[in-house]
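Hello,

Here is the structure I promised to pass on. My notes on its salt bridges follow below.

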Amino acid sequence: MQEQRQVVTVEDTATKPRHYVFVLLDKFSLLCFASALDSLRIANRMAHKELYSWSFAGEGGETIKCSAGTEFNLDTDLTELQRDDVVLICGGVDVQAATTKKVLNWVRREARRGLRIGGLCTAAYTLAKAGLLDGKRATIHWENSDSFIEEFDEVELTKSVFQIDGNRMTTAGGTSSIDLMLKIIAQDFGENLANAVADQLIYSSIRTDQDTQRLSTPTRIGVRHPKLSQVILMMEKNIEEPISPSVLAKDVGMSTRQLERLFRRYLSRSPKRYYMELRLHKARNLLMQTDMSVINVALACGFASPSHFSKCYRAHYNTTPYRERGAQSGRLSV
């Protein structure tokens, strides 16, 4: 039986397809790459014409492996591109190691030539390391935000699923590549085509740059008590200078004892314990994802002394910060 499919009429005055160069970094995320690529493919299919074309580039120009271990053939090395090409750098696991000197030199050169450049998933790190996000809004996977903020204070990091600021684009990883590409398709050829692509992807809720990447605090912790959520949000925003439980309780209009009972009832731990776990979780992220000294990590997470930090860390993770750093220094995960 012959396939029946919708054809979306678009206004296209371009003489050639808009070309995207996917730069695949070592251990890139397959989901963020495939989500972006397939959005372009489906746009061509729904318009019944080649609106977009693409090629794959990477260091060495031969093959590259994604974080799942699958190997991909590359079309080209990191060579000079056409001025109207759009670059999408795809990051993933251990993006610091994948952001080599050759990659940085290449992306800086292409940026100087005026190309539009995006970073998918953790590749916002690559753009920031190259200095391309200074003074701009950007986003990155929430798991990498702590280390990103510590290293790149010239970048206005948001919690959005994607950001477009001038000729720079960043996404938070995963399916957020779809949201970015739908935005671009809508800008290029109209909402009808973008909606048709979303329908083909069974993507019923298109997100904008105003949508945040993480679940709300109540959803994430599994409780919907407004005052408990408010206190947890205050804790998350005050890691470097922790607030005492008595002050937290006062700020939400309850006694310290009431706050204690609330945490025990819903989270089976004291406010102090929960706060400590938040601080230690951030500390672990910084140890694994940055080159910050253990002392600076301790200070960034509200510990007055390295010895106290080490004691608390060992009690919670059954290892010391120094051993953690030695085993996993420099790794960025998604």
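**Salt bridges in the model**

E260 is partly exposed, with 29% relative accessible area. Please keep in mind that this is a predicted model.

E260 pairs with R264 in a salt bridge. Their closest N and O atoms are 3.5 Å apart. Both residues sit in helix α11 (residues 256-267), four residues apart, so about one helical turn separates them. R264 is partly exposed too, at 48% relative accessibility.

Next, a pair that links distant parts of the chain. E324 forms a salt bridge with R284, and the closest N and O atoms are 3.1 Å apart. E324 belongs to helix α15 (residues 321-328) and R284 to helix α12 (residues 271-289), 40 residues apart. E324 has 7% relative accessibility, so it counts as buried, the cut-off being under 20%. R284 is partly exposed at 27%.

There is also a network. E80, R109, E110 and R113 are joined into one by salt bridges that share partners.

The total is 13 salt bridges. One of them runs between R18 and D188, where the closest N and O atoms are 3.7 Å apart. R18 lies in strand β1 (residues 18-24) and D188 in helix α6 (residues 176-189), so this salt bridge ties together parts that are 170 residues apart in sequence. Here R18 is partly exposed, with a relative accessible area of 30%. D188 is partly exposed as well, at 24%.

Best wishes

Methods
Residues are numbered from 1 along each chain as its sequence is written. This is a predicted model: local features need pLDDT of at least 70, side-chain atom pairs count only at pLDDT 80 or more; totals for chains, interfaces and linings use all residues. Side-chain values use heavy atoms; hydrogens and water are left out. A salt bridge is a side-chain nitrogen of Lys or Arg within 4 Å of a carboxyl oxygen of Asp or Glu. Helices (H or I, at least four residues) and strands (E, at least two) are DSSP runs, numbered from the N terminus. Buried means under 20% relative accessible area, exposed over 50%, partly exposed in between (1.4 Å probe, protein chains only).
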